[in-house]
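Here's a quick look at how this fold is put together. Have the model open while you read.

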Amino acid sequence: MTDDALPYRTVLDEVAPRLRRLRAERGLTLAALSEATGISKSTLSRLESGQRRPTLELLLPLAGVYRVPLDDLVGAPEVGDPRIRLNPHPLPSGGTFIPLTRTPGPLQAFKMIIPFRGTEPTFRTHEGYEWLYVLEGRLRLILGEHDLVLGPGEAAEFDTRVPHWFSSADERPVEVLSLFGRQGERMHVRAKPRAATDSE
């Protein structure tokens with residue numbers, strides 16, 4: 001083996017433990033992974049033990065199932081790159097949301113920039129539980145019978161099966177951090193209650 005081949009061999013040697021770690025993190029069995037990728041269980045087992053040389057043909061479907069870049073399987077350090085590539089998307093009712101989590105899961109984080117959406121709410125309902133934290137601006141949240149305005153540092157959490165609608169409370173867009181989970185998975189974070197003033 002030449003000196004030039006040594007780094008290449010080292011990279012390949014690191015693929016097997018990375019594949020084992022990813023499968024364990026996702027809670028997948030070899031049988032489930034085989035069904036999802038079309039790769040036989042024996043081949044997957046040999047890949048994870050280092051007995052089978054990883055090829056592009058084998059790694060591409062694995063990267064697709066694990067939803068990670070191919071580089072994460074073959075070239076990144078074991079811990080992966082901690083940076084999140086921010087990719088803005090338009091909100092259907094106006095504004096922008098930016099995913100802050102890299103992999104699918106029961107709990108997702110977003111930053112939302114919400115414009116003023118008028119004064120006539122269009123209510124939505126869906127399965128899930130949401131926690132909102134206002135970073136900048138003022139958020140108007142209508143939740144069932146409640147009509148609230150939240151300022152920076154205030155938070156709200158609610159069952160999204162309750163009819164709800166939110167908008168910037170004025171002409172300036174509001175920036176909000178959102179955590180969204182499946183039904184029943186509460187965030188266990190509450191806004192600090194406002195201190196009572198003499199006038200209240």
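A contact here means heavy atoms within 4.5 Å. On that basis, residues 24 or more positions apart make up 60% of the protein's contacts with a separation of 6 or more.

A word on the source: this is a predicted model, where local features need pLDDT of at least 70, side-chain atom pairs count only at pLDDT 80 or more, and totals for chains, interfaces and linings use all residues. Numbering runs from 1 along each chain as its sequence is written, and side-chain values use heavy atoms, with hydrogens and water left out.

The protein has five helices and nine strands, taken as DSSP runs numbered from the N terminus (helices are H or I, at least four residues; strands are E, at least two). Along the sequence the pattern reads α-α-α-α-α-β-β-β-β-β-β-β-β-β.

Six of the strands build an open antiparallel sheet, ordered β1-β2-β3-β9-β4-β7; strands pair if DSSP finds at least two bridges between them. At the edges sit β1 (89–90) and β7 (155–159), each pairing on one side only.

Strand β4 (residues 129–136) pairs antiparallel with β7 over five bridges, and β4 also pairs antiparallel with β9 (residues 174–181), over seven bridges. Some of the residues facing each other are these:

| β4 residue | Partner | Partner strand |
|---|---|---|
| Glu 130 | Phe 158 | β7 |
| Tyr 133 | Ala 155 | β7 |
| Tyr 129 | Gly 181 | β9 |

As for burial (under 20% relative accessible area, 1.4 Å probe, protein chains only), 31% of the 200 residues qualify.

Technical notes
Buried means under 20% relative accessible area, exposed over 50%, partly exposed in between (1.4 Å probe, protein chains only).
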